[in-house]
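Have your viewer ready and keep the selection tool at hand. We will go from stop to stop, picking out a few places and looking at what is there.

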Amino acid sequence: MTTPKPKPIPKPGPPASPSPAVVAAHASHPTRVPVASDVSDEELAAAATHGAVEADEVTVKDGDATRVVGPAKGTDPLKPYVRAYFELKASIERFHARLESAELSPKDIEDALTGLRESVAEPKAVGDLAALRERLDVVAGEAEAIRERIQEERRVAREAALADRERIVARAEEIAAKPESQIHWKNDTAELRSLLDEWKAAQRGNARLAKDSEKALWKRFTTARSSFEKARKHHFAELDRANSTVASRKEELAAKAELLAESTDWDRTAREFRDLMAEWKTSGRGRRSVDDALWKRFQTAQDAFFDARRAASEAENDALAGNVEAKEAAVAEAEALLPITDLNAAKQALRGAQDRFEEAGMVPRADVARLNKRMGAVEKAVRDAEDARWNQRNPEIERRASGAAAQLQSAIAGLEADLAKAEAKGDKRRIKEAEEALAARRSWLEQIEGVVK
């Protein structure tokens, strides 16, 4: 029958953690973690060689010295102290395993090393204490390296977290510092809310910042948000006042339009509606729902007036349509005088056509400009013919034309001499200049001679 193994004697060690058996059995653990109860009899016997029983005390050889570790009890007084040795050894290996498998903070590592070093300083245990301390030194070296790595990673993470918070704060300050004309209230308000969510997420998920740094950044962030919110409230208060002013003005315009809608003074009222429309366009924009309702009232009144005017105009056109034929006949009679060959006869015939044109009466608006334009063209042709005859008979004009003709003839003679000289020399440039000057003056002379004749 196997003799029951005694329980290990508790010793100072690292902070509380899962039991060795639980850690060793964990599926994700990279190596099997030593447990003191798994030590073989051969290992126990080898460790016992470092101890002895003297009188009623158990001693252990610790380097060059021998010291008492406790009272000798039972039939195998060394065994509890040997077990204590292997418990210490297992605690070192458990710590070593936790370095690879657990999320330890630098403080956890420092506290664990402090506890282990105290445990192996003068332990109440029997075994190769020198080898135990050497093993602890090796593990401690690895632990220190891991602690420095974790510290560096945390430093980098803190710097990244600080930079991320600084980004959030800087963006909030940038939004708050915008000139009002550049602010998009809906988008910028939404972005500030999003920045606040980012801040909260950074608090939960990123490395923790120093309290002073976080407090200073939070103060800047809240100041920016408060400044923006104050500007936003002021903007919308002013907007409400402006909307109220615009609504009052458009209410007046809509009421005026409704009064004008029943008018039958078509021309005057149409001008007034145009003036009201110009005022509407310059009265500004208000709240959309109010603007839309007022515009509907204004447009309804305007449409009612112009629909009534259109109906009246159509009725008037129907009544005046019979005059178009007589008006057309008078215009055709006048147009038959063109081209003018006998000015006196044309003038007399035109007067009769003009009388019949007026006697025909009013015609629909669509025909007025067209008929007036045609009659006006004949009247202008008669006036032009009369002016031309007067100019031809004007002695002063004839005298001036004769003098100008003489000057041109003299100039032409000179240019012809210049052209002959240029041709004799073969000077192409002067030939061209002389020919162009001659052509121009001959053309002027023809025009003047026409006036003189």
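## First stop: a buried aspartate

Select D188, which you will find in helix α6, residues 185–205. This is a predicted model, so treat each stop as a look at computed coordinates. Is D188 buried or exposed? Its relative accessibility is 4%, so D188 counts as buried; the cut-off for buried is under 20%. Now show what surrounds D188: beyond its neighbours within four places in sequence, it is in contact with I175, K178, I183 and F228.

## Second stop: the hairpin

Next, select residues 51–54, strand β1, together with residues 57–62, strand β2. The two strands pair in the antiparallel sense, over four bridges. Pick V53 and look across to β2, where V58 stands opposite. Then move to the turn: two residues lie between the strands of this hairpin, and one residue in the turn, A55, has a positive phi of about 60°.

## Third stop: the largest nonpolar core

Which residues have the most contacts inside the largest nonpolar core? Select F95, L99, I109 and V126, which hold that place in a core of 32 residues. To see where the core is drawn from, colour α2 (41–48), β2, α3 (79–101), α4 (106–121) and α5 (129–176), each of which supplies at least two of its residues. Helix α3 gives the largest share of this core, with nine residues.

Stay with V126 for a moment and display its contacts. Leaving aside neighbours within four places in sequence, V126 touches residues including A47, A48, V58, V60, V69, L78 and Y85. V58, from the hairpin stop, is thus among the contacts of V126.

Apart from this core lies another, with 16 residues; select A161, A172, L196 and F221, which are among them. In soluble globular proteins, nonpolar side chains tend to be buried together.

## Last stop: the whole chain

Zoom out to the full protein, whose secondary structure comes to 14 helices and three strands. Of its 453 residues, 31% count as buried. Among contacts between residues at least 6 apart in sequence, 72% join residues at least 24 apart. The accessible surface is about 28,700 Å², and carbon and sulfur atoms account for 52% of that.

Finally, colour by pLDDT: the mean is 83, and 87% of residues reach 70 or more. Select residues 1–33, where pLDDT is below 50; this stretch has 35 contacts in the model beyond near neighbours in sequence. Where pLDDT is low, the predicted coordinates should not be read in detail.

Definitions and conventions: Residues are numbered from 1 along each chain as its sequence is written. This is a predicted model: local features need pLDDT of at least 70, side-chain atom pairs count only at pLDDT 80 or more; totals for chains, interfaces and linings use all residues. Side-chain values use heavy atoms; hydrogens and water are left out. Two strands pair if DSSP finds at least two bridges between them. Buried means under 20% relative accessible area, exposed over 50%, partly exposed in between (1.4 Å probe, protein chains only). Contact means heavy atoms within 4.5 Å. Accessible areas come from the Shrake-Rupley method with a 1.4 Å probe; for residues, only the protein chains shown count as cover. A nonpolar core is a set of buried Ala, Val, Leu, Ile, Met, Phe, Trp, Tyr and Cys residues joined through side-chain atoms within 4.5 Å. pLDDT is the predictor's confidence in each residue, from 0 to 100.
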